[in-house]
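Subject: A structure for you to explore

Hello,

Here is the structure I promised to pass on to you. Please open it alongside this email and look for each part as you read.

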Amino acid sequence: MKRTEPDLVVLSHLRWVWVWQRPQHLVLRMARLRAAEGARTWFVEEPHVEDVAEPELRTEQHGDVTRVWLVVPRVDDGSGNPDLPEYQSPVAANYGDLLAELLAAEGRPPQPDVWVYTPMALDIAQRLEHGRLVYDIMDDLSSFLDAPVGLALRQRRLMAEADVVFTGGRSLHRAAAAQRHHRVYCFPSGVQTAHYASARPLRHAKPALPRVAGYVGVIDERLDLELIGGLAAALPDWRIEMVGPVAKIDPGGLPQADNLVYLGMKAYDELPEVMAGFDVALMPFALNEATRSISPTKTLEYLAAGLPVVSTRVPDVVTDFSQVVHLTDDAQGFADACRHVMNADLQHRESGSRRILGRHEWDAIAARMVELLDEASGRSVGATRSRMPGTAQGESA
């Protein structure tokens with residue numbers, strides 16, 4: 001088979017087998033394209049800590065994607081948490097070398113395309129002697145709790161070196177465009193509409209009572225825990241369901257109530273059934289530095305599942321979804337909105353949701369990203385259009 005695409009190496013701060021988010025959706029689609037042309041896709045994760053004597057590279061196949069991670073010894077590297085090393089930890093100093101050796105041992109050609117989600121992996125990208133370089137900014141990682149030292153400096157370097165920069169929302173796009181004058185494209189959250197729409201017929205079998213207001217996603221410092229506890233108190237006859245893993249915060253500090261339940265992480269395939277049990281979908285985000293630039297993927301997923309959505313006034317949600325999402329800022333406002341949406345105009349919400357969902361399919365977003373990368377490197381995009389379905393508009397700086 002004649003190869004027309006190089007291998008793709010994705011350097012991510014997220015795990016492939018964790019919550020299904022932007023990287024998984026995009027990489028899965030691009031991996032299918034490259035596999036059809038004889039190229040491989042490697043999804044490289046931050047190091048894992050285990051009881052090993054020395055660093056060891058491991059791989060695991062997931063369809064067209066090869067998951068790669070470095071297992072490192074449990075050693076205190078000065079980060080304050082020896083169980084959470086990142087790409088720049090001293091114990092992972094040879095990660096780039098081991099990855100390059102793996103690709104060579106597998107007989108892979110040189111100069112793979114490299115797609116980066118965290119600037120902390122820039123040194124590994126350079127060690128691979130990459131071909132085209134993409135920086136996909138899905139979050140402002142520098143604003144997150146315990147952000148790595150040196151992240152901001154590496155981000156500036158990565159912004160300068162990347163062939164193309166994509167951003168996951170309008171606020172992120174404005175910040176990125178201020179640092180770089182060309183080839184910065186805005187691709188907000190996407191959705192696989194058909195997947196979540198399967199929740200709609202399942203909802204007919206849901207018991208009418210109790211009413212359920214639910215959240216699906218990571219439970220971390222971006223959520224307003226006081227609001228969640230207050231909502232449970234303000235809706236004593238409702239059940240408040242929090243679905244997702246707890247990350248970077250103490251589980252012991254989560255609000256507790258008889259009608260507030262934490263159901264843990266659910267697989268992507270389970271989410272339609274989970275959402276079928278909701279009457280209202282929640283986005284109880286705190287309004288802080290960690291949420292200033294987020295564009296929550298779950299907004300579209302909730303809408304595709306046919307759910308009314310209640311959210312705090314996250315800037316990108318206000319800009320893009322104020323016509324179909326109920327916006328409020330405190331626990332009593334959330335409680336009032338949950339009651340209100342049960343009697344709201346369903347036809348109006350569904351009409352607005354359909355218009356929005358049609359512009360945000362992951363298939364179309366991935367196709368347009370590939371086209372823009374080809375354009376940036378001077379390659380013809382005609383073949384790309386014939387191989388990947390759909391198109392999506394990216395906002396360029």
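Below is what I found, going from a sheet and its helices to a pocket and a few single residues. Please keep in mind that this is a predicted model.

**The six-stranded sheet**

A good place to begin is an open sheet of 6 strands, with parallel pairing and the order 12-11-10-13-14-15. Strand 12 (260-264) and strand 15 (325-327) are at the edges; each has a single partner strand, so one side of each is left without a neighbour in the sheet. If you follow the sheet across, the twist averages 25° from one strand to the next.

For a detailed look at one pair, try strand 11 (residues 238-243) and strand 12, which are joined in the parallel sense over 4 bridges. There you can find Ile 240 standing opposite Leu 260 in strand 12.

**Two helices across the sheet**

Now look for the helices. Helix 8 (residues 225-234) lies across strand 11, strand 12 and strand 13 (280-283), and it runs at about 155° to strand 11. Helix 12 (residues 331-341) lies across strand 10 (211-216), strand 11, strand 13, strand 14 (309-311) and strand 15, and its angle to strand 13 is about 150°.

Which residues of helix 12 are buried? They are Ala 331, Gly 333, Phe 334, Ala 335, Ala 337, Cys 338 and Val 341. These buried residues pack against strands 10, 11, 13, 14 and 15, and also against helix 8.

**A pocket**

Next, turn to the second largest pocket, with a volume of about 720 Å³. It is lined by 40 residues, and the closest to its centre are Val 19, Trp 20, Gln 21, Arg 22 and Glu 301. Helix 1 (22-35), strand 10 and helix 10 (298-304) are the elements that give two or more residues to this lining. The largest share comes from helix 1, with 5 residues. Sorted by kind, the lining has 21 nonpolar, 10 polar and 9 charged residues.

**Two buried residues**

Thr 167 is part of strand 8 (residues 164-167). Its relative accessible area is 0%, so Thr 167 is buried. Leaving aside neighbours within four places in sequence, its contacts include Arg 22, Asp 136, His 173, Tyr 185 and Pro 188.

Is Phe 285 buried or exposed? Phe 285 is found in the loop between strand 13 and helix 10. Its relative accessibility is 3%, and because buried means under 20%, Phe 285 counts as buried. Again leaving aside neighbours within four places in sequence, Phe 285 is in contact with several residues, among them Arg 222, Leu 223, Ile 294, Pro 296 and Val 314.

**A second pair of strands**

Phe 285 also gives us a way to the last stop: Phe 43 is 242 residues away from Phe 285 in sequence and 29 Å away in space, C-alpha to C-alpha. Phe 43 belongs to strand 2 (residues 41-44), which is covered on both faces. Thr 41 and Phe 43 on one side, and Trp 42 and Val 44 on the other, are all buried. Strand 2 pairs with strand 1 (residues 8-11) in the parallel sense over 4 bridges. In this pair, Val 10 stands opposite Phe 43.

Enjoy exploring, and write back with any questions.

Best wishes

Note on methods. Residues numbered from 1 in each chain as written. Predicted model: local features only at pLDDT ≥ 70, side-chain atom pairs only at ≥ 80, totals over all residues. Heavy atoms only, no water. Pairing = 2+ DSSP bridges. Axes fitted to C-alpha atoms, helices over the stretch in contact; angles between N-to-C directions. Contact = heavy atoms within 4.5 Å. 1 Å grid on protein atoms, 1.4 Å probe; cavity = no way out; pocket = protein on both sides within 12 Å on 5 of 7 lines; lining within 4 Å. Points joined across faces, edges and corners; volume = space filled by probe spheres on them. Nonpolar A, V, L, I, M, F, W, Y, C, P; charged D, E, K, R; others polar. Buried < 20%, exposed > 50% of the residue type's maximum accessible area, 1.4 Å probe, protein only.
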